[in-house]
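I opened a fresh notebook page to get to know a new structure. Here is what I looked up, one entry at a time.

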Amino acid sequence: MRTPRTSIIMPVYNTANTVINALQSVRNQTDPDFELLIMIDGSPDNSAEIITEYHKKNPDTRIRIFNNPENKGVSTIRNQGLNAARGDWITFIDSDDEYHPEFLEKLHEAARTYDADIAVCGHTIRHSDGTEVHRAKVTPGVHEGEDIAIEFLEDRYTGFMCDKIFRAQLFDGVRFAEDIHRAEDALVVFACCMKAKRLVGITDHLYTYRMEQGGLT
């Protein structure tokens, strides 16, 4: 196996107030075998300065920073991350969201137990007023072959990248469409579902989406 086990891709755009929380939620993972690719997408705020200063004070060899001076869009920046990723597994985090500390550990445990190519978890939606809603939009258990793609089309899983881990080989020949600016996540999730031999779903709420204005989602 290559190291790290997991490449985590985090696009950054206009999230100076939340990016450090997102970064720390990655560093707090109980599974430490990862690399974090921070992809700064020509952000108009001071996100780049905040990240750089944080990294100077908290050096971590698992973190790689790509500071793109020009805004190219989330699809282009995620593709850049995919091209640079070195892990056996790929996952994503938005820079205004957070992982539960056991996000990687529990998803890898499920994938390893069932020899799955994709592992999916539940998530929490945190509104701007602080209220939270837990959602487990995932069919628990093991799913195989063409049933994976069919169930995705039946809306049994989210079209988000961030509540899943993917075996890296699924991205061979698969990239985000840079000329599409709506549901680009769902197209890539579907492409990976088409290639996966086995998917496992768990209902643990391991990812928190922050519902606010100004970020990527």
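**Cysteines**

I began with Cys193, which I noted as buried because its relative accessibility is 3%. The model I am reading is a predicted one, and I kept that in mind for every entry below.

Next I wondered how many disulfides a search of the whole structure finds. The search came back with zero. Cys121, for one, is in no disulfide, and the nearest cysteine sulfur to it, that of Cys162, is 10 Å away. For Cys193 I wrote down the sulfur of Cys192 as the nearest, at 7.2 Å, and no disulfide here either. A disulfide needs two cysteine sulfur atoms within 2.5 Å, so 7.2 Å does not qualify for Cys193. I also checked whether Cys121 is buried or exposed. With 1% relative accessibility, Cys121 counts as buried.

**Positive phi angles**

I then turned to backbone angles. Most residues other than glycine have a negative phi, so I was curious to look up exceptions.

Asn14 was one I wrote down: its phi is near 60°, a positive value in a residue other than glycine. Where does Asn14 sit? I found it in the loop that runs between β1 (6–12) and α1 (19–27). Asn14 counts as partly exposed because its relative accessibility is 34%.

Asp155 went on the page too, with a positive phi near 65°, and it is likewise a residue other than glycine. I traced Asp155 to the loop between α5 (146–153) and β9 (164–167). Its relative accessible area is 46%, so I filed Asp155 under partly exposed.

**Two glycines**

My last entries are about glycines in loops. Which elements flank Gly87? Its loop lies between α3 (74–84) and β4 (89–92). I looked up the accessibility of Gly87 and got 2%, so this glycine is buried. I also noted a distance: Gly87 and Pro11 are 76 residues apart along the chain, and their C-alpha atoms are separated by 17 Å.

Gly130 belongs to the loop between β6 (118–127) and β7 (132–135). I marked Gly130 as partly exposed because its relative accessibility is 48%, and over 50% would have made a residue exposed. From Gly130 I looked across to Met211, which is 81 residues away in sequence. In space, I read 9.8 Å from C-alpha to C-alpha for Gly130 and Met211.

Note on methods: Residues numbered from 1 in each chain as written. Predicted model: local features only at pLDDT ≥ 70, side-chain atom pairs only at ≥ 80, totals over all residues. Heavy atoms only, no water. Helix = DSSP H or I, 4+ residues; strand = E, 2+ residues; numbered from the N terminus. Buried < 20%, exposed > 50% of the residue type's maximum accessible area, 1.4 Å probe, protein only.
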